[in-house]
Structure formats: C-alpha cells, structure tokens
Amino acid sequence: MASLVAYDDSDSEAEPQPAGGGNDSDRMTDVSGVDRPSGQGFSPCAADITNEGALLAQHSPGEELRGERLPLVRLWKNDTGSCPSQRLQWPRKEPEVPCPSSALPRPSSPWTSRAPASHVPWAAACLKQVKPPWAAPSAPSHAQSMSETTHRHASSLQRKRGEDCVVPYTPKRLRQLQALSTETLRTPDPEPQGPPADRAPAPLRMPPVVSEAIQPHLKSQFRETKVPRKVLFHLRGHGGPVNSIQWCPVFSKSHMLLSTSMDKTFKVWNAVDSGRCLQTYFLHSEAVRAARWSPCGRRILSGGFDFTLHLTDLETGTQLFSGRSDFRITTLKFHPKDPNIFLCGGFSSEIKAWDIRTSKGRHQLTSSASAVEKQLEADVAVPAIGMFASLSQANNVVRGYKATIQQTLDILFLQEGSEFLSSTDASTRDSADRTIIAWDFRTSAKISNQIFHERYTCPSLALHPREPVFLAQTNGNYLALFSAVWPYRMSRRRRYEGHKVEGYAVGCECSPCGELLVTGSADGRVLMFSFRTARRACTLQGHPQACLGTTYHPVLPSVLATCSWGGDIKIWQ
C-alpha cells in the first residue's frame, strides 16, 4: 500500500474520457490538472485510483508530465470514514513535512491526509522535483529536513525516557563522598602534586636535625599526658577520607606523621614544627586503607584496595619490596621482634604472614621446611603491576591463618609477638562467636575464639602500654576492656561509653603513660576517658564529619592528632 501501481483493467466500467470530449459542466477540475467526473472528485473509491493509473500509464517513464501532477496518496487518515480503518494508524503522531511545489495551494482532500514521515509514493518519486523559488542555493533537501526532524523527535523521546526512569538509591556515605569530591574539584589542592604512578617518588625532604620542640623531652623517662585544649595545626591536602594516622615510632623523628586516604595516596607531614606536607606518594591505583612505619623509622609499608603491597625507603624514594595479594588489604602490622615479617589482612577469610627476606631466612621461621616447599609449589605466581618487577606471592607468604569469616578488621600482637589477635566481621544474633580470635603465631593454631560474647563487631583494637590488657572498639558504641593473657576475659566493671561508632572504622588508643584513653566518634567528637575510673575526662568538638583516627604523640605530653572522614587532620595541644 506504500506505492501506487498503474495498470489497465479492461473490465473496468470507469474508462478515461478523451481530453477534449464531454461537457465541462459535468466535470470537476482538481488542482493537479486531472479532470474527474462529477460526484467522484472527493470520494476514496477504486475508480479514481484506476483513472489516475491509466493516465499515468499513457506517458512513458522518461516523459515529463506537462502541468499535470498526481496528488500524493497519503494513507491512515484520522477520521473514521477513511480507508484503511482507524486501527491501522501509527502509534504516535509524526511531524508533517510539506512537500515544496510551485503550484498554488490545494484545498484539503481525503487524498492529502497524514502519512508516515518516511513514506514516499511511487508516483511522486517518478516526478521531477521542483525547487521552490524562495529556497536559498544552500537550502537543505527534503530528505535532509526529514532526517533532522526525525533526529530531533528521537532525541526528545530519549530525553523523556531519561526523565521517567527510576533513580537508584545512593547511600549516605557515598553522597557525602561525592559532595566532598565536588568541593575538592572546585578548590585547588594547596599541596604540590607528586609524580605519576609509573615513576618512583622523590626522596623525602627530612630535616637533618631533631625538632626543637621534641629535643627537651627526649631524656625524660616519665611523661605524664595532659589534656589538649587548642588546635596547633589544621592539615588539609587529602582529596578523600583519611583512614588512619600514625606518628613515627623513632623518638628523634617523631615530628613526622603518616596519613592514608581514600584518594589513592599516603602522605608524610611535619606535624610538629611547620604543619607542611613533606612528601606525597602515588603508588596505588585504588584507596590506601592501611600503612605502617617500620620500627627503624626509615621505611613505610602500604597496602590498598588494589591488592598491592609496597615497602618504600623514605631517604632514597626506592621500592625495597613490592608484592600482590589476592584480596583487598585493610590492615597491616609489623612483627614486634622481627621487622622483616608483617601480617596482612583484608577482605578474605585468611590472614597471611609475609617475609621480605630471602628464602634462606624464611625457612628458619617455619616449623616444617617440607610443608613450606609444598605450599610454594602449590601456589601460583601473580605478577606485580606498574613499574615494579614481576614478583610471586608464593615466594613471600610464609604462613596463613584461616578462619570461617569474610573480613579481617584489625590485628594486634600480644606477648612480644608469640600471639596475636584478629578482629573479624563474624557475629550472630545471640553471640559474637569468632568476632575476636587469638592465634599462635608459629603454629597457626587458634588459641581461643570465645573471647567476646556480644553481638557487636570490633573495628579496632589497642594494647595498653603498661598493663596486660587491651581495648576493643565495638559497634555497640562503647570500649570494652579485656585481659591480654589467656583466657582473655572481658572486664564487667569498666566500660567506656558515650561516643558513636555507627559502622565507621573508628580507632582508639591509650596515652603513653596509660592514664588516658582516647577515641573518635561518628559525630566528629573526640572523647578522652580516665583509664582507672572509666569517667569522661574531656570532649573536643573535633571535626564536622566522623572522626576515624586518634593518636597521642609518643614524646610530647600533650600533643594529639586526629583525622576525619572529611579528609582533614588536626594537631591538638
């Protein structure tokens, strides 16, 4: 039905009349120049189609029609009397594009009803296209205008469908992170940008002498911690939440502060003298969740969500060790007696012990050399990424500690490294079985998994510097106190509460003298408690967002560092 076919029907009763015969009064003249009998000029009958087909057949295909043009046959008229019926209409109305013609405007006719935008009759295609006199020389053709109209119509439909779609739910933390990233893009980072990830970082700009603020306190044996009252420095430079902070463990270099962030970097600050950023390290392609100072204070071990581990020498800027884990890393801890060994935990049911030394030194740590050889043969080597050499995970992992869990939240060494605790995400409705697990470091055996019997997980652990006890931060919005020796009983008398955790990895710590406890809070506050009485000693309005990390300075008696989900760090005094 999309084209008009000319044919000759000998049985048809409606034969075309000669051009000059007949009475003119009995005929009606159409604007196209074709004479029609009276009463049939505006009715959609088959005889009219036959007459027009016969007239078209009298002319040869290459011959032009002089002054005579057939009307464009357009189907699917809106009124119910047209043929075909109303059921065959298009689902939506298409914009009607008029065909340019040099003839006078024709009156409305059933033959000029609406048709699809892509419909071109066969009779109109055979005729010579007449260029309108008002069109400019560079005016677009009829096909181009039709395509532009169709493109605009499709764009409007896509825009309407995009407005009608259902917007998925975005968690509150993700919305806050997006708002923070938008503000960071608007305000340029005052810190100088570091080298790209495929280049080695520059050596750390370390002061050659000991800080003047730390020098008077190095020879004192007893350091009584005081409650800080004011902000000494407000450190800004991270483009995402700051996950953890740590002072350098070497007293003469303890003016340096290490910070890790979700912006894929970790930084070293001079947080005592100037508050400047000494160096920024771009070694990871994903968020850096954990980083630790080595006991010598010259190296930093970092791990992130990109499954990689890097040991960086600060004085030379070189990578002393690089490895790849099979899970995202959330916690790292050096062995207290051997700085070449560290524990690595994350989004896995297994905690792994790594050794950065040669194989000769590693075999001395194992209880059975044959078992290690079988493990090395069974493991599959995974190459490291970036500029680092190809390393094997099996050549550096010396032991595994596996439990029926999904994630390791924190690790804490006890008894000078012979035992350690792991905090996991395993909990049930009535008891938190396997929430805190005690391990034997050498044999990989579980000492106890019935330590914490409440239904809350513990995102962080902290050891007391003078007494055999440790603290556990719980999602029940309180700090629990445990014995650090078997059977690791929890104290029912002392409970430190008043802050909020609400699912954040809020850290806690004891002061160097052991008399004060400090913890962050999900509402941005910093709370300090008396260790003996469990009473609140001080509350600081620290940050507008959740305060994740708090740590006392190892030498200065009244210096405290805090970090927040908003990406800033504050030094209190």
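Trainee: How many bridges join strand S29 to strand S30?
Mentor: Good place to start; this is a predicted model, where local features need pLDDT of at least 70, side-chain atom pairs count only at pLDDT 80 or more, and totals for chains, interfaces and linings use all residues. Residues are numbered from 1 along each chain as its sequence is written, and side-chain values use heavy atoms, leaving out hydrogens and water. Strands here are DSSP runs of E with at least two residues, and helices are runs of H or I with at least four, both numbered from the N terminus. S29 takes in residues 560-564 and S30 residues 568-572; the two run antiparallel, and the bridges joining them number four.

Trainee: Which residue in S30 is the bridge partner of threonine 562?
Mentor: Strands of a sheet pair through backbone hydrogen bonds, either parallel or antiparallel. Here S29 and S30 run antiparallel. The bridge partner of threonine 562 in S30 is lysine 570.

Trainee: Which strands are the edge strands of the open sheet in the order S3-S30-S29-S28?
Mentor: Two strands pair if DSSP finds at least two bridges between them. The four strands of this open sheet pair antiparallel. An edge strand pairs on one side only, and that picks out S3 (231-236) and S28 (547-552).

Trainee: Which element gives the largest share of the largest nonpolar core?
Mentor: A nonpolar core is a set of buried Ala, Val, Leu, Ile, Met, Phe, Trp, Tyr and Cys residues joined through side-chain atoms within 4.5 Å. This one has 25 residues, and Trp247, Tyr504 and Ile571 are among those that touch the most other members. S3, S4 (242-247), S29 and S30 each give two or more residues. The largest share, three residues, comes from S4.

Trainee: How many residues are in the second, separate core?
Mentor: In soluble globular proteins, nonpolar side chains tend to be buried together. In this model, the second core includes Leu414, Leu421, Ala438 and Phe470. Its residues number 17.

Trainee: Is threonine 408 buried or exposed?
Mentor: Threonine 408 lies in strand S16 (residues 408-414). Contact means heavy atoms within 4.5 Å, and beyond four places in sequence threonine 408 touches residues including Thr330, Gly345, Ile351 and Ser422. Buried means under 20% relative accessible area, exposed over 50% and partly exposed in between, using a 1.4 Å probe and protein chains only. Because its relative accessibility is 0%, threonine 408 counts as buried.

Trainee: How many disulfides does the structure hold?
Mentor: A disulfide is counted when two cysteine sulfur atoms lie within 2.5 Å. For cysteine 296, the nearest cysteine sulfur, that of cysteine 248, is 8.5 Å away. Cysteine 296 is partly exposed at 29% relative accessibility, whereas cysteine 277 is buried at 6%. The number of disulfides is zero.

Trainee: What distance separates the C-alpha atoms of asparagine 477 and glutamate 497?
Mentor: Asparagine 477 sits in the loop between S21 (469-474) and S22 (478-483), and its 29% relative accessible area makes this residue partly exposed. Beyond four places in sequence, asparagine 477 is in contact with Glu497, Gly498, His499, Lys500, Val501 and Glu502. Asparagine 477 and glutamate 497 are 20 residues apart along the chain, and their C-alpha atoms are separated by 6.3 Å.

Trainee: To zoom out, what percentage of the 573 residues in the chain is buried?
Mentor: The chain has six helices and 30 strands. Among contacts with a separation of 6 or more, 53% link residues 24 or more positions apart. Of the 573 residues, the buried portion is 43%.
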